[in-house]
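Visitor: Please choose one part of this model and take me through it closely, then set it in the context of the rest. I would like each term given with its cut-offs as you go.

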Amino acid sequence: MSSQEVIKIEDDFTLIRFQNDGPEPFYAQHGIIGTGLIQFHFGIKGNAKFLFNQGNYALELKEEKSLLLYNPQKELPLNLELAPNSWAISVIVSIKKFHALFSAEADYITFLSPDNKDKKYYNEGNISPSMAIVLSQLFHYNLHPSIKNLYYKGKGYELLSLYFNRTEDPNAEQCPFLIDEDNVLKIRRAKEIIIANMAEPPGLQELADEIGLNLKKLKMGFKQIYGDTVYGFLFDYKMDFARKLLDSGSYNVNEVGLKIGYSTGSHFIAAFKKKFATTPKKYLMSINANV
């Protein structure tokens with residue numbers, strides 16, 4: 001229920017997925033991060049904290065927040081405590097590669113400027129909607145193992161480019177109400193409600209009434225933040241949840257379908273096949289074959 005996956009994209013470019021779906025904290029270590037490396041950390045779900053100085057100092061990584069850490073004077077350990085039901089992604093890239101990628105933007109990227117290149121740097125920021133989509137894709141993919149590294153490489157570079165994107169999301173002008181942080185919080189509350197009630201989700205108007213937004217703002221805002229319609233997002237979430245239940249080996253196909261709200265087995269099978277291009281039964285057989 002807890003895992004740490006290290007994906008070496010290139011010699012000086014590493015991506016790490018931390019996932020804790022269990023009820024207890026998960027402690028992960030990735031050795032020492034050298035002085036020539038920059039760390040990007042992204043809190044996708046739940047909370048985590050980085051531990052330093054034998055645990056005497058902690059740096060919190062919150063949900064939908066990012067941390068950038070760079071210390072050219074001192075090597076840093078990567079010790080992470082991941083809270084229950086929390087996910088995070090880290091990107092470790094060398095300053096040499098980073099200079100090559102962004103040399104033309106050195107004046108814009110603060111810690112690359114000549115005055116700061118030998119100074120330690122720390123920055124906490126928000127994860128933008130476009131970044132959130134890429135981070136979600138890094139956790140939810142259904143690709144052949146032979147192209148996994150290429151997929152991660154592309155998404156890793158896309159994530160860095162979005163991190164340093166100087167403009168707001170190009171679609172933001174279509175949804176000016178999202179500038180209001182209160183509305184953003186309401187949209188995120190809507191996501192929490194449909195996930196908590198995924199077997200019997202509320203109707204759109206009921207959901208809009210519950211969070212205190214009109215229906216149009218709910219629809220537009222949800223698409224802007226999460227890149228999909230309310231029920232499109234919920235469908236993907238339910239299918240990924242179903243896959244995890246099948247992975248656990250504790251439930252049969254009918255039980256999984258019932259847990260996510262399908263009273264008819266054939267409807268669940270059709271939905272699962274639409275998402276993953278295979279039936280739940282065949283997916284279970286593939287898991288057992290690899291055990």
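**A close look at the sheet**

Guide: Phe-42 stands opposite Ile-89 in E9, and that facing pair is a convenient way into the sheet. The model is a predicted one, in which local features need pLDDT of at least 70, side-chain atom pairs count only at pLDDT 80 or more, and totals for chains, interfaces and linings use all residues. Residues are numbered from 1 along each chain as its sequence is written, while side-chain values use heavy atoms, with hydrogens and water left out.

Strands E4 and E9 run antiparallel and pair over eight bridges, where a strand is a DSSP run (E, at least two residues), a helix is another (H or I, at least four), and both are numbered from the N terminus; two strands pair if DSSP finds at least two bridges between them. E4 is also joined to E7 in the antiparallel sense, by four bridges, and here His-41 stands opposite Leu-67 in E7. E7, which covers residues 65–70, in turn pairs with E10 over six antiparallel bridges, and in E10 the bridge partner of Leu-68 is Asn-123.

Taken as a whole, the sheet is open and has six strands in the order E1-E2-E9-E4-E7-E10, paired in the antiparallel sense. Strand E1 (2–10) and strand E10 (121–126) stand at the edges, and because each has a single partner strand, one side of each is left without a neighbour in the sheet. From one strand to the next the twist averages 15 degrees, with axes taken as lines fitted to C-alpha atoms, for helices over the stretch in contact, and angles running from 0 to 180 degrees between N-to-C directions. Helix H3 (residues 148–163) packs on this sheet, touching E1, strand E2 (13–20), strand E4 (37–45), E7, strand E9 (86–94) and E10; a contact means heavy atoms within 4.5 Å. The direction of H3 makes about 85 degrees with that of E1.

Within E2 we find Thr-14, which counts as buried at 15% relative accessibility; buried means under 20% relative accessible area, exposed over 50%, and partly exposed in between, for a 1.4 Å probe and protein chains only. Leaving out residues up to four places away in sequence, Thr-14 touches Val-6, Ile-7, Ile-9, Ser-90, Val-91 and Ile-92.

Two loop residues deserve a look as well. Pro-25 lies in the loop between E2 and strand E3 (26–33), and its relative accessible area of 36% makes it partly exposed. Beyond four places in sequence, Pro-25 touches Asn-20, Glu-81, Leu-82 and Pro-84, and its C-alpha is 9.1 Å from that of Ala-48, 23 residues away in sequence. Asn-85 sits in the loop between strand E8 (76–82) and E9, where it is partly exposed, with a relative accessible area of 45%. The phi of Asn-85 is near 55 degrees, a positive value in a residue other than glycine, and most residues other than glycine have a negative phi.

Ala-277 is another non-glycine residue with a positive phi, of about 60 degrees. Ala-277 is in the loop between H9 and helix H10 (280–290), and at 67% relative accessibility it counts as exposed. As for helix H9 (residues 265–276), its 12 residues at 1.5 Å a residue should span 16 Å, which agrees with the 16 Å between its end C-alpha atoms; the expected span is 1.5 Å times one less than the number of residues. The buried residues of H9 are Phe-268, Ala-271, Phe-272 and Phe-276, and because these fall within an arc of 110 degrees when seen down the axis, they line one face of the helix; the arc is that of the directions from the helix axis to the C-beta atoms.

Some totals give the wider context. The chain has 10 helices and 10 strands, and buried residues make up 42% of its 291 residues. Of the contacts between residues at least 6 apart in sequence, 69% join residues at least 24 apart. The mean pLDDT of the chain is 84, with 88% of residues at 70 or more, pLDDT being the predictor's confidence in each residue, from 0 to 100. Among the elements, helix H1 (residues 95–102) has the lowest mean pLDDT, 76, and helix H5 (residues 204–211) the highest, 96. Over residues 167–179 pLDDT stays under 50, and for this stretch the model has 15 contacts beyond four places in sequence.
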